Amino acid sequence: MDNQDLLERIQSLVEEEHRLREASEEDGDDNRARLAQLEAQLDQCWDLLRQRRAKRDAGENPDDAEPRPISEVEGYRQ
């Protein structure tokens, strides 16, 4: 997966997140679990994109970057 693929995946997840948030306002909290999944997947995608960019900037091969487990990504401090 290259950077463009990652950005397209992020855009798709964001669009779904926005649809679910709008539906949640109307339908209550039925979509809470899916929203949590989307947020975790987005965090994982952003982390991978940052890894790829860092490797490229360091003169390394960005294709060597691998997705970290969601449990690890979700544990990062902001």
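This report walks through a nonpolar core and a few residues of helix α2 in a predicted model.

## The nonpolar core

Let's start on the inside. The largest nonpolar core is built from 11 residues. Among them are Leu-6, Ile-10, Leu-13 and Leu-20, along with Leu-35, Leu-38 and Leu-42. Cys-45, Leu-48, Leu-49 and Ala-65 also belong to this core.

Two or more core residues come from each of the elements α1, which covers residues 3-27, and α2. Helix α2 provides the largest share, with six residues.

## Cys-45 and its partners

Cys-45 is a handy residue to click on, as a member of that core. Setting aside residues up to four places away in sequence, Cys-45 touches Leu-6, Arg-9, Ile-10 and Leu-13. Of these partners, Leu-6, Ile-10 and Leu-13 are also listed in the core.

## Gln-51 in helix α2

Next, have a look at Gln-51, which lies in helix α2, spanning residues 32-57. Gln-51 has a relative accessible area of 13%, so this residue counts as buried, the cut-off being under 20%.

What does Gln-51 contact beyond its neighbours within four places in sequence? The partners are Ala-65, Glu-66 and Arg-68. Ala-65 may look familiar, since this residue is also part of the largest nonpolar core.

## Trp-46 in helix α2

Trp-46 sits in helix α2 too. Its relative accessible area is 36%, and therefore Trp-46 is described as partly exposed.

To place Trp-46 in the fold, you can use Pro-67 as a reference: the two residues are 21 residues apart along the chain, and their C-alpha atoms are separated by 9.7 Å.

Terms used. Residues numbered from 1 in each chain as written. Predicted model: local features only at pLDDT ≥ 70, side-chain atom pairs only at ≥ 80, totals over all residues. Heavy atoms only, no water. Helix = DSSP H or I, 4+ residues; strand = E, 2+ residues; numbered from the N terminus. Buried < 20%, exposed > 50% of the residue type's maximum accessible area, 1.4 Å probe, protein only. Contact = heavy atoms within 4.5 Å. Core = buried A, V, L, I, M, F, W, Y, C linked by side-chain atoms within 4.5 Å.
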